[in-house]
Amino acid sequence: MAEVHFIGEIVGGEGFASTSLFCKWGIITDDQKGGDSRRWRKLEGDDAGQTQVDIAEPGCMSVWAHPIDLHYAPQSVQGWPKLHLEVWSQDDFGRLSIQGYGFGHLPVTPGQHTISISCWRPAVPSLFDNIKAFFLGNFPQLKNPDLVWRKDDRFRLQTSAAGSVTVNVHVLTSGLQRHGVQH
């Protein structure tokens, strides 16, 4: 059986408009939500989660150090896992507001990797809406968050840059070539 193991952490986020941040994350294989798919069978680990809220100093990274530990048995390299993210802020009143969406492909080559995932959020349509969103903390968000990692219709979105999330991941592979999985 061919195996791929991803071990690492979501280190933190920086460059966002707020300093009180947390991150919701998930792993997608075969462009399907969830860990089980036709070509990638999840053996162990959580394929979705959420970090704690970190209140960082202005200009500093919000540190989450949230673990990722996933073990797969792939039949093909098609549908290689992607990490999708939603970065949220929490204000002093406990209100939540989206700060950014992003996704990145997990590395294909074995070894240690550091990934920086650039995030974006839907653009505010007018100056009045931008002022309202700033003071009320309710920026526009996607009705269907799957749009972040799917190939369809993303080109129609008007977005603005939001910040970036750093991920450290170790990739371990075993038996890929022996079982006919080419990378």
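Author: Buried means under 20% relative accessible area, exposed means over 50%, and partly exposed lies in between (1.4 Å probe, protein chains only). This is a predicted model, where local features need pLDDT of at least 70, side-chain atom pairs count only at pLDDT 80 or more, and totals for chains, interfaces and linings use all residues. Residues are numbered from 1 along each chain as its sequence is written, and side-chain values use heavy atoms, with hydrogens and water left out.

Reader: Why is Cys60 called partly exposed?

Author: Its relative accessibility is 44%. That value lies between the buried and exposed limits, so the middle label applies.

Reader: What makes Cys23 buried?

Author: Cys23 has a relative accessible area of 0%. That is under the buried limit, so the label holds.

Reader: How many disulfides are there, and what is the rule?

Author: A disulfide is a pair of cysteine sulfur atoms within 2.5 Å. The count by this rule is 0. For Cys23, the nearest cysteine sulfur belongs to Cys119, 7.3 Å away. The sulfur of Cys60 has its closest cysteine sulfur in Cys119 too, but at 18 Å, too far for a bond.

Reader: What makes a group of residues a nonpolar core?

Author: The members are buried Ala, Val, Leu, Ile, Met, Phe, Trp, Tyr and Cys residues, joined through side-chain atoms within 4.5 Å. The largest core here has 28 residues, and among those touching the most other members are Phe6, Leu83 and Val165. Strands β1, β2, β6, β7, β9 and β10 each supply at least two residues of this core. The largest share, 5 residues, comes from β10. A second, separate core has 8 residues, including Trp88 and Leu142. In soluble globular proteins, nonpolar side chains tend to be buried together.

Reader: What makes a stretch a helix or a strand, and how many are there?

Author: Both are DSSP runs, numbered from the N terminus: helices are H or I with at least four residues, strands are E with at least two. The protein chain has 1 helix and 10 strands. In sequence order, the pattern is β-β-β-β-β-β-β-β-β-α-β.

Reader: Why is the protein chain called as compact as a globular protein of its length?

Author: The radius of gyration is taken over C-alpha atoms, and the globule rule is 2.2 Å times the number of residues to the power 0.38. For 183 residues the rule gives 16 Å; the protein chain has 18 Å, which is close, so the description fits. Buried residues make up 44% of the protein chain.

Reader: What makes Phe6 and Tyr72 an edge-to-face pair?

Author: Rings of Phe, Tyr and Trp (its six-membered ring) pair if their centres lie within 6.5 Å; planes under 30 degrees apart are stacked, over 60 edge-to-face, the rest tilted. Phe6 and Tyr72 are 6.3 Å centre to centre, with 75° between the planes. Both values meet the rule, so the name fits. Phe6 is in strand β1 and Tyr72 in strand β6, 66 residues apart. Both are buried.

Reader: Why does the pair of Trp40 and Trp80 get the label edge-to-face?

Author: The centres are 5.0 Å apart and the planes stand at 85°. The distance is within the pairing limit and the angle is over the edge-to-face limit, so the label applies. Trp40 sits in strand β3, and Trp80 in the loop between β6 and β7. Both Trp40 and Trp80 are buried. Phe6, Trp40, Tyr72 and Trp80 form one aromatic cluster.
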